[in-house]
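Q: Could you take a close look at one strand in this model and walk me through its surroundings? I'd like to follow the strand outward to its partners and to the packing around them.

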Amino acid sequence: MNINENYLNLEQSYLFSTVAKKVSEFSNNNPDKKIIKLGIGDVTLPLCKVVVDALHKAVDEMGAQATFRGYGPEQGYDFLREAVKGYYKKHNVELNLDEIFISDGAKSDLGNILDLFAKDNVVLVPDPVYPVYVDTNVMAGRKVVFADANGDNEFLPLPDENVKADIIYICSPNNPTGAVYNKEQLKKWVDYAKSMNAIILFDAAYECFISDENLPKSIYEIEGAKDCAIEFCSLSKTAGFTGTRCGYTVVPENLGKLNKFWLRRQTTKFNGVPYIVQRGAEAVFSEAGQKEIKENINYYKENAKLISDTLTKCGIWHVGGKHSPYIWLKCPNNMTSWEFFDFLLEKIQVVGTPGSGFGKNGEGYFRLTSFGSKENTAEAMKRFESIFNK
Ligand code: PLP
C-alpha cells in the first residue's frame with residue numbers, strides 16, 4: 001500500500017483556528033468587553049418561509065406510502081433542473097437540462113470535477129483566493145501557478161499570454177476580495193482559455209450579490225464560454241443553504257467528453273441530493289422565493305455598504321462590498337494582516353480575517369464580511385470611526 005503523499009505538501013491552514021484561539025484568549029482576559037465578529041463567511045439569517053414550507057411539505061411526502069421516494073436521479077430531479085434552467089434564462093443564458101447537475105454545494109463539485117482531468121495539467125489560480133482550488137490540486141499532485149491579484153489590478157488579474165495553463169480558476173465575485181469581473185475582462189479570460197485549449201472553472205457562488213445588470217452573473221453571458229468553461233454555483237449564500245446543502249454545476253454539451261464523463265462520474269460516485277432539500281431549493285427559484293431571498297441579500301448588502309462607506313470616510317483603501325458580501329481593505333499604517341487583526345481586537349474588539357490566510361498577495365490586507373447583524377455591523381463601524389476618523 002502506498003499512501004497519497006501529496007497530502008504532505010498541503011500547507012497547514014491555521015487561519016480560522018488561530019483567529020478562534022486569539023479571540024477566545026482575549027475574551028477570557030477581558031470578560032467585560034463585547035467582541036463583534038465580522039470574520040466568518042457564513043450566513044446568519046434563517047431560511048425564508050417559502051423554502052421552509054416546501055421542506056415541510058416534502059417531509060410529509062416522504063412519510064406517506066403514496067408519495068415516498070427512494071433513490072433519485074444522480075444529476076438531480078427534473079423539477080429543480082428546470083428551475084435552474086429558468087433562472088439562467090433570466091440573464092439570457094440558454095441551457096439544456098443535460099448540462100445542469102444538482103450538487104450538495106459548490107465546494108464538493110469544485111473538488112470532484114478534478115476527477116475528469118489528467119494529473120499533468122498545469123493549474124492557474126488567482127492569489128489571493130478561496131483556498132479550496134489550490135488544496136484540491138495539491139492533493140492530486142498537480143502543478144499550480146498563480147495569477148497575481150493586487151492593488152495595481154484592483155484584485156482582478158487578467159491573463160498573461162506568457163503563462164501556459166490547462167485549468168484556470170476564476171471566482172467572481174471573488175472570495176476574499178469581493179472584486180467582480182466585467183464582461184470585457186471575462187472575455188479576455190475566455191479568449192485566453194480557448195487559445196490555450198484550456199478549461200475555465202468558474203465559481204459563481206456569490207453571483208446573487210451582483211446588482212449591476214451590466215456585470216456578468218454567469219460566465220456563459222460571455223460569447224464562446226460554453227466552449228471552454230464549467231460553472232459552479234450554490235444556494236449557500238444565495239438562500240442561506242450553508243447548512244442545508246444544495247448547489248448546481250453546469251457542464252456544457254459543447255465540452256463534449258467532459259459533459260459525458262461528468263455524468264458518468266456522478267452516476268458512479270454520487271447518489272444525489274436529498275429529495276426534501278431539492279424541493280426546498282426549487283422554492284428558492286419560485287417568484288415568492290426570489291422575492292424573499294432578495295430581502296435577505298439586501299440586508300447583507302446594506303451592511304456591506306455601511307462598512308464600505310465607513311472605510312471611505314476613514315480613508316482606508318478597499319475593494320468589494322458593492323456586489324459582494326466581502327470587503328477587502330488595505331491595513332492602515334502598513335500593518336501586516338495579523339498585526340491589524342491584533343490591533344482591531346485590542347483597540348475596538350472587532351474581529352475580521354487576515355488577508356494573508358488567502359495567499360501571499362493577501363499580506364497587508366484584511367477581509368470584513370457583511371453577514372453579521374445590522375446592529376453589530378453598525379456598532380463595529382462606529383468603533384472603526386472612533387479610531388480612524390477622529
Ligand atoms: N466557493 C466560494 C468562493 C466560497 O467562498 C464558498 C464558501 O464559502 C464555496 C464555494 C462553497 O460553497 P458551498 O457552501 O456551496 O459548498
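**A strand and its surroundings**

A: Happy to. Two bridges join β3 to strand β5 (residues 167-171), and the two strands run parallel. Please keep in mind that this is a predicted model. Within this pairing, Leu 124 of β3 stands opposite Ile 168 in β5.

β3 also pairs with strand β4 (residues 143-148): six bridges join them, and they too run parallel. Here Val 122 is placed opposite Lys 143 of β4. To get from β3 to β4, the chain passes through helix α5 (residues 132-139), and this β-α-β crossover is right-handed.

How enclosed is β3 itself? Strand β3 spans residues 122-127, and six of its six residues are buried, so the strand is largely enclosed by the rest of the structure. In a regular strand, side chains alternate between the two faces of the sheet. For β3, both faces are covered: Val 122, Leu 124 and Pro 126 are buried on one side, while Val 123, Val 125 and Asp 127 are buried on the other.

Ile 168, the residue opposite Leu 124, leads us on to the packing. The largest nonpolar core has 72 residues, and Ile 168, Ile 200 and Ile 219 touch the most other members. Domain 1 (9-38 + 289-388) and domain 2 (49-287) both contribute residues to this core, so it lies between them. As a general background, nonpolar side chains in soluble globular proteins tend to be buried together.

Ile 219 gives a good view of the contacts. Beyond its neighbours within four places in sequence, Ile 219 is in contact with Leu 186, Val 190, Ile 200, Phe 202, Ala 225, Ala 229 and Glu 231. Another core, of 28 residues, lies apart from the largest one, and its members include Ile 36, Ile 307, Leu 345 and Ile 348.

Back on β5, which covers residues 167-171, there is a cysteine to check. With a cut-off of 2.5 Å between cysteine sulfur atoms, the count of disulfides comes to zero. Cys 171 is in no disulfide, as the nearest cysteine sulfur, that of Cys 233, is 11 Å away. Cys 233 is in no disulfide either: the nearest cysteine sulfur to it belongs to Cys 208, 7.5 Å away. Cys 171 is buried, with a relative accessible area of 3%, and Cys 233 is buried as well, at 1%.

Technical notes. Residues numbered from 1 in each chain as written. Predicted model: local features only at pLDDT ≥ 70, side-chain atom pairs only at ≥ 80, totals over all residues. Heavy atoms only, no water. Buried < 20%, exposed > 50% of the residue type's maximum accessible area, 1.4 Å probe, protein only. Core = buried A, V, L, I, M, F, W, Y, C linked by side-chain atoms within 4.5 Å. Domains from an automatic or database assignment. Contact = heavy atoms within 4.5 Å. Helix = DSSP H or I, 4+ residues; strand = E, 2+ residues; numbered from the N terminus. Pairing = 2+ DSSP bridges. Right-handed = clockwise from strand over helix to strand, strands pointing away.
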